[in-house]
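The paragraphs that follow lead through one protein chain, moving from paired strands to a pocket, then to the nonpolar interior and the charged pairs. It may help to keep the structure open while reading.

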Amino acid sequence: MRKIIPYNPDLVPLAKNLRNNMTLGEIGLWREIKGKKIGVKFSRQIPIDNYIVDFYCKDLQLAIEVDGAIHFEEGQQEKDTIRQKRLESLGVRVIRFSDLDVKHNLSWVINEIKLIIEELNTHP
């Protein structure tokens, strides 16, 4: 049985808005992982605790983040670290890819995700 992770219901409207305004990198990755194309079901723009993750597999408690330019601005990496530690404290495994990697090296990104899925399925 999968663990239920709390979320802030006030984030639901923002998550819906983000689903309708995904970046090109997010759109490209979503096309490759939606509908169990890589063996597990992912959802997009999911509230977890007080954050919204780009993609989330509930069964594996696996979050995928696509980091665009804002993630490289001053102070943002510290915020991302705090966010990631909080998510991990809830049992969520977080993997990150740059938007540029998703756009220019999508096959590598998909392969990395598949390897982590295999690892999580083998060693839950």
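Two strands are taken to pair if DSSP finds at least two bridges between them. In this predicted model, that condition is met by S1 and S2, which run antiparallel and are joined by five bridges. Within this pairing, isoleucine 48 stands opposite tyrosine 51 of S2. The two strands make a hairpin with two residues between them, and aspartate 49, which sits in the turn, has a positive phi of about 55 degrees. S1 is mostly covered, since five of its six residues are buried.

S1 also takes part in the second largest pocket, whose volume is about 270 Å³. The lining of this pocket consists of 13 residues, and those nearest its centre are Ile5, Ile46, Pro47, Tyr56 and Lys58. Helix H1 (12–20) and S1 each contribute at least two residues to the lining, with S1 giving the most, namely three residues.

From the pocket we turn to the nonpolar interior. In soluble globular proteins, nonpolar side chains tend to be buried together. The largest nonpolar core here has 22 residues, and the members that touch the most others are Leu29, Ile33, Phe42, Leu62, Ile64 and Ile113. Two or more residues of this core come from each of helix H2 (24–33), strand S2 (51–57), strand S3 (62–67), strand S4 (93–98) and helix H5 (106–122), and the largest share, six residues, is that of H5. Isoleucine 33 illustrates how such contacts reach along the chain: leaving aside residues up to four places away in sequence, isoleucine 33 touches Ile38, Val40, Phe42, Phe55, Ile64 and Ile110. Apart from this core lies another, of ten residues, which includes Ile5, Tyr56, Leu87 and Val92.

The charged side chains add a further set of links. Side chains of opposite charge can pair when their charged atoms come close. A search of the whole structure finds six salt bridges, and one of them returns us to the hairpin turn: arginine 86 pairs with aspartate 49, with their closest N and O atoms 2.9 Å apart. Because arginine 86 belongs to helix H3 (residues 76–89) and aspartate 49 to the loop between strand S1 (43–48) and S2, the pair ties together parts that are 37 residues apart in sequence. With buried meaning under 20% relative accessible area, aspartate 49 is buried at 13%, whereas arginine 86, at 34% relative accessibility, is partly exposed.

What does aspartate 67 form with arginine 96? The two form a salt bridge, with their closest N and O atoms 2.9 Å apart, and this pair links distant parts of the chain, aspartate 67 lying in strand S3 and arginine 96 in strand S4, 29 residues apart. Aspartate 67 is buried, with a relative accessible area of 9%, while arginine 96 is partly exposed, at 25%. The linkage also extends to a further residue, for Asp67, Asp80 and Arg96 are linked in a network of salt bridges.

A third pair is local in sequence: aspartate 99 forms a salt bridge with lysine 103, the closest N and O atoms again being 2.9 Å apart. Aspartate 99 and lysine 103 are four residues apart in helix H4 (residues 99–104), so about one helical turn separates them. Here aspartate 99 is buried, with a relative accessible area of 12%, and lysine 103 is partly exposed, with 44%.

Conventions
Residues numbered from 1 in each chain as written. Predicted model: local features only at pLDDT ≥ 70, side-chain atom pairs only at ≥ 80, totals over all residues. Heavy atoms only, no water. Core = buried A, V, L, I, M, F, W, Y, C linked by side-chain atoms within 4.5 Å. Buried < 20%, exposed > 50% of the residue type's maximum accessible area, 1.4 Å probe, protein only. Contact = heavy atoms within 4.5 Å. Salt bridge = Lys/Arg side-chain N within 4 Å of Asp/Glu carboxyl O. 1 Å grid on protein atoms, 1.4 Å probe; cavity = no way out; pocket = protein on both sides within 12 Å on 5 of 7 lines; lining within 4 Å. Points joined across faces, edges and corners; volume = space filled by probe spheres on them.
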